[in-house]
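Work through the exercises below with the sequence and the structure at hand. Each task is followed by a solution in steps.

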Amino acid sequence: MFSVKPMKPTFKCYLPPVQTDVKKTIEPPIKKVEPKLLSGEIVVNEVNFVRKCISAESSQDDLWGKLICTNFKVSFIPQDALPKQKSQLSHLLLGVHDIPLTCLEQVVTVNDTKGKKKVLGSNQKLKFNPTELILYCKDLRIIRFCFGEAGPESAKKVCLAIAHYSHPADLQLLFGFEYQGRRYHESKEERVNSSNPRVGLQTPIFDRPSDWDREIKRTGASEWRVCSINEGYAISPSLPEYIVVPVSLADQDLKQYSIFFTDNRIPLWCWNHPNGCALVRMASISDPLQQKKTDQRVFTAIIKSHPQRNEVIRSDLDKCLPNIQDIQSAFFKVRQICVIDPFEESEERWLSSIENSRWLEYVRAFLKHSAEMVYCLDGKNASVILQEEEDRDLNCVVSSLVQLMLDPHYRSLIGFQSLVQKEWVMAGHRFLDRCNHLKKNDKVESPLFMLFLDCVWQMMNQYPAAFEFTEAYLTVLSDSMWIPLFSTFLFNSPKQRAKHLMDFARNKAIPQGEDQVVYFPPVWEWSQQFSIKDQTLFNNPMYIGKGAACVQNGEVKTFRRTKKTYSSTLRGTPASVLNGLKGGEDILTRRGSLVSELKPDFSPVKDVVESPSERFFRDWFSRPADQQGLLIPLLIPSHVALWKLFFLRWVPEACIPKGGTITAYHKLSQLVDEIEILQSQLRQYKGPSPASTPLPSPSGPPPDQRKMYFKAISPNDPPTPPDFLTSSFPFTPMGNLCRRSSHGTPITKFLNGAKIWLSTETLANDTL
């Protein structure tokens, strides 16, 4: 047997070991990036070395950083901090690269090497390692991340976490319940010093009889009263606890009639005209045998509430307006055209594609029907009943638009918020289902509130001096639907809201009897989202009002115009143009379109006796529009435009530097601010005697009391708009996916070809 001994090394190296400088060879440490978390927010999963794609053609402008999923949002933290953009709102609760989980429409994972793509849902498995993640957002953003340098398992885990936490199994799992609970206890000392818990909230919530009483007195509805038969939601779970009913109807009668209406929704008073007629909304009567009898009793009570006992007109919205599925389909189509489809494939037919989506057609339909109801109330002096099967969708849109056209109070900032609170939130619009916050049923999802905001913008676009707020405010309000930190857009009904907030208060050890507005505030407390300076972007410098309100330090300040003046662009349409239609001009509609099925527009037909409604609209359009009176929108397609700030704000290719309506807003804001400075200086000269007159402050009011976002320019400032102003202001498309190039499209290729052809022809002529 041979013994096995360990072998000794036989090779000897005579070269000295290489001396390495540790400081030179080791890479500098990667800068540690950490997310900014709200109270109660925790990081669920994260992955480093992620590339956020900015351009589809090159990676030169892409951002590198960390992708994080929390129980509230998806957050991307760039490795190198970018300079703060002046051209965007600074949200106090969300960063530039943050997306609330409730804002996610689709979570799509891609593997380029294997050619695989999968839309992730809750509790789903992912069988491949993703190389890309594409997030489609409900606010129309599209965000794309690449995991080329990231760990494959970490990338997969963060994708699955985003998909899981964006599909909460229960409403109580939304982050707002955790956040507001902690915020309540952390701010307890501040509330002890305040005697009135709602002191900073100027918008009525309509959860108390006093809010309805004030509205009755404001509109002069002396024949209507606040009724409390639904306290504790004893009659209907979808109506507020306090409703307004005719004085002639006793509580016992209302209880008896309620069983015949869908979901026991008895008729709900909305508004009273100064002439005495009322706007009422109600659900359909579920029992056909009781239809005539119940209708007669309701109509009789409404007729008695009118001083002249005039007739009542009923409008069945289910029969004359598109349903929620049609509206959802149209919104998907217009979103596809504006945000997803490449320009090079659709540029030549882009406008016709927008029209074929039928979104603008539906906007016109709702505005038109609302204007017809305005004629009934203002022209015929007749009360109107808006009827819908459940009284929770189409009625919300039409009733709000009618009041917006008739009552200038609702065109102020506080008035508009009270209108939304009254006709949408407390009237039982299904925000939870229509927004699909829990992503359980796509079939009931429908952007009805977005449609309403688009209709409001159409009126603002036509009458810019009649509204105290701006389109930036409307856009921010639409974005707030996807931030689950406030109670306004989270629930389907007042009862559901009360039940969940009661459970929430019990779980978070909040004292019984505490005001729900305090521990789970509505979205109207804008100071929780934006600074005082950023809130000035909500103020319209052109607003002509009896007292243009402005929120400053939690209080409402007013400034008055001593004289109402109207520029040539704001004067009423000439008599020859009736509601945007010249004499004898008809709307050219597609065969079978909704507009062709509606009643003829507000224009007389030649050789036909003019109807009272046509005469009403002709007379109105023949006079200059009163910005503080009745407003009727123009309805022909050329006057109903695409809301560009909302639909195109995230599209880099559609962003116009120093262009868009913001340039006019910028100049007008500077003028208003300069006037305020001059007025402040004049006030400082007033005193008991000339000797005691103080010198004026050259800067005018303090910065936190200025009403305009843009300040007056000094003589040394350049007259041109600043470089950061774009058509997307106050939003910025920077950081969102650029899906196509603005060069090389069919039209630009044709123009480039024309230049080449023209230059060739010129050279040929010169040689002759």
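The exercises cover one helix pair and several salt bridges in this predicted model.

**Exercise 1.** Determine how helices H16 and H17 are oriented relative to each other, and which residues meet.

Solution.
- Step 1. H16 spans residues 448–462 and H17 spans residues 471–480.
- Step 2. The two helices pack at an angle of about 180°, and their axes lie 10 Å apart.
- Step 3. Angles over 145 degrees count as roughly antiparallel, so H16 is roughly antiparallel to H17.
- Step 4. From H16, the contact involves Phe449, Met450, Leu453, Val456, Trp457 and Met460; from H17, Glu471, Leu474, Leu477 and Ser478.
- Step 5. By class, the residues of this contact are 8 nonpolar, 1 polar and 1 charged.

**Exercise 2.** Where do Lys368 and Glu372 lie, and are they buried or exposed?

Solution.
- Step 1. Both residues belong to helix H12 (residues 359–379), 4 residues apart, or about one turn of the helix.
- Step 2. They form a salt bridge whose closest N and O atoms are 2.7 Å apart.
- Step 3. Lys368 and Glu372 are both buried.

**Exercise 3.** Analyse the pair Lys499 and Asp503 in the same way.

Solution.
- Step 1. The N to O distance is 3.4 Å; a salt bridge requires a distance within 4 Å, so the pair qualifies.
- Step 2. About one helical turn separates the two, because they are 4 residues apart in H18 (residues 494–507).
- Step 3. Asp503 has a relative accessible area of 18%; buried means under 20%, so Asp503 is buried.

**Exercise 4.** Which residues are linked in a network of salt bridges?

Solution.
- Step 1. The structure holds 31 salt bridges.
- Step 2. The network links Arg265, Arg281, Asp391, Lys422 and Glu423.

Technical notes. Residues numbered from 1 in each chain as written. Predicted model: local features only at pLDDT ≥ 70, side-chain atom pairs only at ≥ 80, totals over all residues. Heavy atoms only, no water. Axes fitted to C-alpha atoms, helices over the stretch in contact; angles between N-to-C directions. Parallel < 35°, antiparallel > 145°, perpendicular 65-115°, else oblique. Contact = heavy atoms within 4.5 Å. Nonpolar A, V, L, I, M, F, W, Y, C, P; charged D, E, K, R; others polar. Salt bridge = Lys/Arg side-chain N within 4 Å of Asp/Glu carboxyl O. Buried < 20%, exposed > 50% of the residue type's maximum accessible area, 1.4 Å probe, protein only.
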